[in-house]
Amino acid sequence: MTDFGTRLLEWYHNNYRSLPWRQTTDPYKIWISEIILQQTRVAQGMDYYHRFIDNFPNVQSLAAAKEDQVLRLWQGLGYYSRARNLHYAAKTIVEKHNAKFPNTYKEILQLKGVGPYTAAAIASFAFKLPYAVLDGNVYRFLARLKGIDTPIDSNEGKKRFTELANVLLNKKDPAHHNQAMMEMGAIICKAQSPECDQCPFQSNCAAFQTGQINFLPVKSKKILQRHRYFHYFLVHPEKDNVLIQQRNAKDIWQNLYQLPLLEADKKLSVNHLKKTTNAEVKLLKETKHILSHQVIHSRFFSTSVQALTKLGIDNYQKIKTQNCIEYAFPQLVVNFFNEQQMPGYKNE
DNA sequence: AAGCCGGGGAT
DNA sequence: ATCCCAGGCTT
């Protein structure tokens, strides 16, 4: 057959999607795009990419921003540690690299929030360095192409696939080779209903020959879900004000804001809360929010500030309702505000 | 090695 | 209802 790398680049040239971060070799823009796209589909991350580049066109502007401002731009995208680490790394680049993006794999890998995948992506896309990327697409493509059933989420699997990807890597054009490998996984060698009929490697594909397409790649770990019961309180002691609190624990939505919260090991009823607080309590809304590892059962109540005190909630702050937009809220609270049509709040 | 960290789309 | 997405950090 034609050399693997040659056929791959030929296919890519005829089938690639035109994406904004593919039109540049600016390591800053490539870095922003790669962090946004971690565990995130291109379609979901696109608006966030433009928003970040518009608000922070270079690493200096990002480093100079307040963390709350960065989190607010990230609002709704999930995995908020990416935003905190992005901000932290921007300051590192400005302070320790004199605002010049590091240009070696090792230095790039040192940045907070940059792991083996992202370091290889930036190194190859921006600096033409010969490091093969290993993302979900590449794992899947290689597992099927070579018929490898080593679990991709094991240390052995990571080592095997990394070695294989680097053997296959086209050292003369690592940037396009890497893009092409991922594009194959995204467009042809998809997780569900792959387009084997359009695959240029069908006749070389081990899994296709043996009918193992739907059984590869193999993942060993299973995700366990934990149920949590959140009780949020909407308090307006005066008109046009609202009480909020910032989440500071090492937990989901760290550093984001929410309505004053009482977490319990089960759902609390209106009657229970009335009895406990000896105050007026009304149930406004009930939601179920499903995360990767948790199911958040939430109840939103209206009540008085005195009730909060009885419940032991005191770490809140009072803000102008119209200033809600200045704070970053977890999606759960954003949805609550939107459906309540809270004046002054817009999801943007 | 295992657990944790989100929101959304596709099937 | 389940899987997966241009993964990385913490324990």
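**Figure 1. Helix 11 is mostly covered, with 13 of its 15 residues buried.** This close-up, like the others here, comes from a predicted model. Helix 11 runs over residues 174-188. From its first C-alpha to its last, helix 11 reaches 20 Å, close to the 21 Å expected at 1.5 Å a residue. We will meet this helix again beside the DNA: helix 11 provides four residues of the surface near DNA strand C, the largest share of that surface.

**Figure 2. The span annotated as HhH-GPD covers residues 36-187.** The name and limits come from a UniProt annotation, "domain: HhH-GPD", in an unreviewed entry. In the model, this span is 67% helix and 0% strand. If you look for its two ends, you will find the C-alpha atoms of residues 36 and 187 lying 20 Å apart.

**Figure 3. Domain 1 meets domain 2 in chain A, their centres 24 Å apart over C-alpha atoms.** Nine residues from domain 1 and eight residues from domain 2 take part in the contact. On the domain 1 side, helix 1 (4-15) and helix 8 (116-127) are the elements that give two or more residues. Helix 1 gives the most to this side, with five residues. Sorted by class, the domain 1 side holds six nonpolar, two polar and one charged residues. To help you find your way, domain 1 spans 1-131, whereas domain 2 is made of two segments, 134-170 and 184-220. The chain also has a domain 3, at 226-340.

**Figure 4. DNA strand C is surrounded by 29 residues.** Leu37, Gly115, Thr118, Asp135 and Gly136 come nearest to this strand. Four helices each supply at least two residues of the surface near DNA strand C: helix 2 (27-36), helix 8, helix 9 (136-146) and helix 11. Helix 8 is also one of the elements on the side of domain 1 that touches domain 2. The surface near DNA strand C has ten nonpolar, eleven polar and eight charged residues.

**Figure 5. DNA strand B has 26 residues around it.** The closest are Gly78, Asn155, Ile252, Ser292 and Gln331. For a feel of the chemistry here, the surface near DNA strand B divides into 15 polar, eight nonpolar and three charged residues.

**Figure 6. Leu216 and Pro217 are joined by a cis peptide bond.** The omega angle of this bond is about 0 degrees. To find the spot, follow the loop between helix 12 (206-210) and strand 1 (226-234), where Pro217 has its place.

**Figure 7. Ala99 and Asn255 each have a positive phi: near 65 degrees for Ala99 and near 75 degrees for Asn255.** Both values are worth a look in close-up, as neither Ala99 nor Asn255 is a glycine. Ala99 lies in the loop between helix 6 (81-96) and helix 7 (105-110). Ala99 has 14 C-beta neighbours inside 10 Å, so this residue counts as partly exposed. Asn255 is found in the loop between strand 2 (241-246) and strand 3 (257-258). With 16 other C-beta atoms within 10 Å, Asn255 is partly exposed.

Conventions:
Residues numbered from 1 in each chain as written. Chains lettered and ligands numbered in written order. Predicted model: local features only at pLDDT ≥ 70, side-chain atom pairs only at ≥ 80, totals over all residues. Expected span 1.5 Å × (residues − 1). Buried ≥ 20, exposed ≤ 12 C-beta atoms within 10 Å, placed from the backbone. Domains from an automatic or database assignment. Contact = placed C-beta atoms within 7 Å. Nonpolar A, V, L, I, M, F, W, Y, C, P; charged D, E, K, R; others polar. Near = placed C-beta within 6 Å. UniProt positions renumbered as here; feature names shortened; annotations may be inferred.
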